[in-house]
Amino acid sequence: MFDAEFMKKLEYLAIVTKRLFDGRAFGRRRSVRGGSGIEFSDHRDYVFGDDLRRVDWNVFARLGSLLVKRFQEDDDLTVTFFLDCSRSMDTGRSNKFDYARRVIAALAYIVLCGLDRVEVVAYGGTSEGRLWPVRGREQISSVLNFLMGCSANADRSNLSGAISEYIAGTRRPGLVVLVSDFYEKDGFENAVERLCFNHDEPVLIQIHDENEKNPSLWGDLELVDCEQGQRRRVTIDASALARYHKRFQAFLDHLRQYSVEHGLGCVIASSAIPFDDLILDLLRRAWLIRSTRGSW
Amino acid sequence: MNAMQILNPVAWFLILLVVPLLAIFLIKAGYRRQTVSTMLFWDDVCGTTRLALWGTRLRGVFSFVVAAVFVALMITAILNPVSTRNLASESRQVQTTSETENPITMTRCEVRRHVLDPTEYELMIEAVNLGSRQVTTSLTIERDGMPIHCSRWELVPNKPQMKFIRGVSETDAVLRAELKHNLYASDGGTKVNVAETLLPACGRVKVLCRNVSDMFLLKALRAMPLVSVEMVALLPKRLPADTLVVIQGELPLQLPEGNVLIIEPKGRCELFSAGDVIAAPVVGNVVDTALTRFISLVDTHLPGATKIIPSESGPAPETLISTKDGHPLLLQWKREVGRVILFAAQPGQGEFVFRPSFPLLIANIVNVCRSETDNADAVRFASSQVERLAEVRERKFRSGSEASQPLWFYFGWFALVVSIVEYLFYHRRIIE
C-alpha cells in the first residue's frame, strides 16, 4: 500500500487533537487527569490521606501551608476511523473507496507510531465490521488486513446508525475520523452532533471524485443511482451542468462551514489529488497532523 | 439486379428494418444510461415537473420515429434504387449474365409487333446451356408484373435455343422473362436469369382517303387493326401526326402538311408531275428500308405504272423501288412535318406476286406513320428501343409512387439532419 520511504515520512507525523482525552494507558499525550508523571503540573491543598512524599516542603517552609505537587499524566489516545462502505464510494476514475482506505491506513500508521490506539469501523447499510482498538506499530498489519477485507457494496450508507452503535459500545471519548463522501440522504449533521455530544472530537474527511464535481454528462440520459438503483430521465445541457456545479459547490461549502461553526477538523479532497500530497500537505495544513521533528 | 427479388421482398424489408432498429434502440438505451454516485444533487438540478418529463419522453419517441424513417429510407434506397439514372442504366442491360456456378443463361430477349396486326406482339427468348447435360428449366413471362406465360423448357447443351411467345396488347408494357432451373428444389427453383424488354405502344392511325376507288387498297387499309378509314372530299391544310392522307388519281396543287400517300397519280403538284405510262415496268431495284420491309418485288411486272418527274424546285425524292429502266415506282419525300410517299403503279393490276406484297407495303407505311406519332425511329424491335424502357418505367413510376419522390427525398434528408443534430446535442456523451 505504501513504500518504505513514505512510511518513513509518516513516522515523523502525529495526530493533532484540540482537546485532551482520558486515555487508558501510558502514552505520549497529556491526560485530563493529573497523575504520576514527571512533568510538574500545579499545586493543590493537602488533604488527609495524601502521600506525604508529594508535599512541597519548600513551599511549606516559605509560606507555612501544606501544598501537594501535581504532575502531568501522559495517556494514549484512541482514534476511531469510520470508513464509508456504500456503493457511492466505489465510483470515480480513481476509486474513492481505495483512496479512503489508503488515507485511513496512513493515518492509522501515524497513530500507531504515536503509541495511540486505532479503531476502525466500516459502515454501510448495517455496520459492516469493526476492528477493535489496537496499539503498537506492529498492529498496522491487522489494520491493513481489516481494510483489505472491506468492500464498498452496501446499498446505503447509514452514518447515523453506525455512530449510534459506536457510541453505545464505547465509554471513553476520543478522536473520530469520518472518511466518506457524506452523500447522506438524511444529512450528516445529526450523526456528527451526536459524536460531539458524546465528547468525541469528530474530524471530517470528505472524498469526492473529480467527475462528481464537474460531470461530463450531456444530452438525454437516464441517470441511475448506484446505491438505491433509482432511475431518472434528465436532459442535461449547459445550464443544467452549471446548476449542478453550483449545487455541488454549495454542498462542499456547507460541509466546510458546518465544520468551522462546530470547531471540527475538515478536509475536502478530490480523489484526483495525489495521495502523498493529501497526507503530507493537505492534512497538515488543515492542522489534523503535525510534524514531530524538533519537538521530541 | 434488385436484391429484394431473391426472396419475399416484404419479409426481407421487415427483417432489414427491424434488426437495425432494434440495435439502435438497444444501443441508445445502453448509451443513455449513466450511473451516478448519488441523486442528491440531480434531484435539485433537474426539474421533476410532469411537463418536463413528458417533453423528454416525447423527444425520445420522436427520436425513435426519425431513426426508423431514416433506416427505412436507407434500406429502400439500398434494395430498390429509384433513381431515374439508375433505371436507365439498368434498362440498357437487358440481358443479364448467369451465375458463375450456373451454366444456363439467357442471351437474347427481344419483342416485336406483328406487321399486319400491330396489337399482336411476339417475344423472342434465346437461351444457351453451356453445361454438359440437358437441363430442364422453367420460363416465366410477366407483362407489367402480371404473369402471362409459364412453360417448361428443355435446354440441350451447347446449342442456343429460341422460344417465341405471342401475346396481344395495344399499350406499352415491360416484358420480363425469368429463367429458372432446379425446379424440384424446396425453394421452387434457382433463378438463372431475369431479362426485361419494352413492348412499345401501338397508337391508332386515321386514314383520310380522297378519290380512292381502288378496292384492293381500301380493303388493305380497312383490314388493319387500329386504323380508321374515312372518305373525304376536301383535305385539310395541316394534318395531325396520327393521320395519313391517301390520294388516288388527280393531285391537288398543294399537298397538305403531314403524312401523305399518293397512289396512281395523275397531274402535278409541288413535288412532282405524273407523266406517261411506263412500257413494261419490271421492278429492278428495291431499297431495304422500313417502308419496304418484308416486300420482295424484284422482277415483278407492274402494269399501268406512270413516269414520275420530280419537280426541280422541290426537294429531291428518295427512290425506294425502281424499274430496271430506272423509272421510280416508290418514292419518298421527307418534309419538316411528315413525309410524302408516292406509289406510281396501279394496285389492282399487278402480278400475282404483287398481291401479297401490297398489303405489307400499306402496313409498313401505316406503321411508319404510327412510329412517327410515337416519336421513335423503329417500332418493331425492342432491342433498338432500349432507351424507351427507362422512359416507360419512369412514366409508370411517376404515375404511381414516384410522384411523391421529392417529398420522400426531402423527408429523408430531414431525418438525417435531425438524427445528426439530435446525436450532437442530446445523445453525445463525453465521459467514458
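## Cores and the A–B interface

In this predicted model, the largest nonpolar core holds 49 residues, and within this core A:F81, A:L107, A:V118, A:V143, A:V177, A:I205 and A:I279 are the members that touch the most others. Helix 3 of chain A, spanning residues 96-113, contributes the largest share of this core, namely 14 residues. A second core, separate from the largest one, is made up of 40 residues, including A:I167, A:L217, A:I236 and A:F248. In soluble globular proteins, nonpolar side chains tend to be buried together.

Around A:V177, once neighbours within four places in sequence are set aside, the contacts are A:V79, A:T80, A:F81, A:F82, A:L107, A:V203 and A:I205.

Turning to the interface, 35 residues of chain A are in contact with 28 residues of chain B, and the area buried between the two chains is about 3,000 Å², with carbon and sulfur atoms giving 62% of that area. A:W218, A:D220 and A:R232 together supply 24% of what chain A buries against chain B, which is more than any other three residues supply. Between chain A and chain B, five residue pairs are in polar contact, both residues of each pair being at pLDDT 80 or more, whereas the rule finds zero salt bridges across this interface. On the side of chain A that touches chain B, at least two residues come from each of helix 7 (210-213), strand 10 (219-225), strand 11 (231-236) and helix 8 (238-261). The residues of that side divide by class as follows.

| Class | Residues of chain A touching chain B |
|---|---|
| Nonpolar | 15 residues |
| Polar | seven residues |
| Charged | 13 residues |

Notes:
Residues are numbered from 1 along each chain as its sequence is written. Chains are lettered from A and ligands numbered from 1 in the order in which they are written. This is a predicted model: local features need pLDDT of at least 70, side-chain atom pairs count only at pLDDT 80 or more; totals for chains, interfaces and linings use all residues. Side-chain values use heavy atoms; hydrogens and water are left out. A nonpolar core is a set of buried Ala, Val, Leu, Ile, Met, Phe, Trp, Tyr and Cys residues joined through side-chain atoms within 4.5 Å. Buried means under 20% relative accessible area, exposed over 50%, partly exposed in between (1.4 Å probe, protein chains only). Helices (H or I, at least four residues) and strands (E, at least two) are DSSP runs, numbered from the N terminus. Contact means heavy atoms within 4.5 Å. Buried area is the accessible area (1.4 Å probe) that two parts lose on being put together, summed over both. A salt bridge is a side-chain nitrogen of Lys or Arg within 4 Å of a carboxyl oxygen of Asp or Glu. A polar contact is a pair of N or O atoms within 3.5 Å; within protein, one must be able to donate a hydrogen and the other to accept it, and residues adjacent in sequence count only if both atoms are side-chain atoms. Ala, Val, Leu, Ile, Met, Phe, Trp, Tyr, Cys and Pro count as nonpolar, Asp, Glu, Lys and Arg as charged, and the others, Gly among them, as polar.
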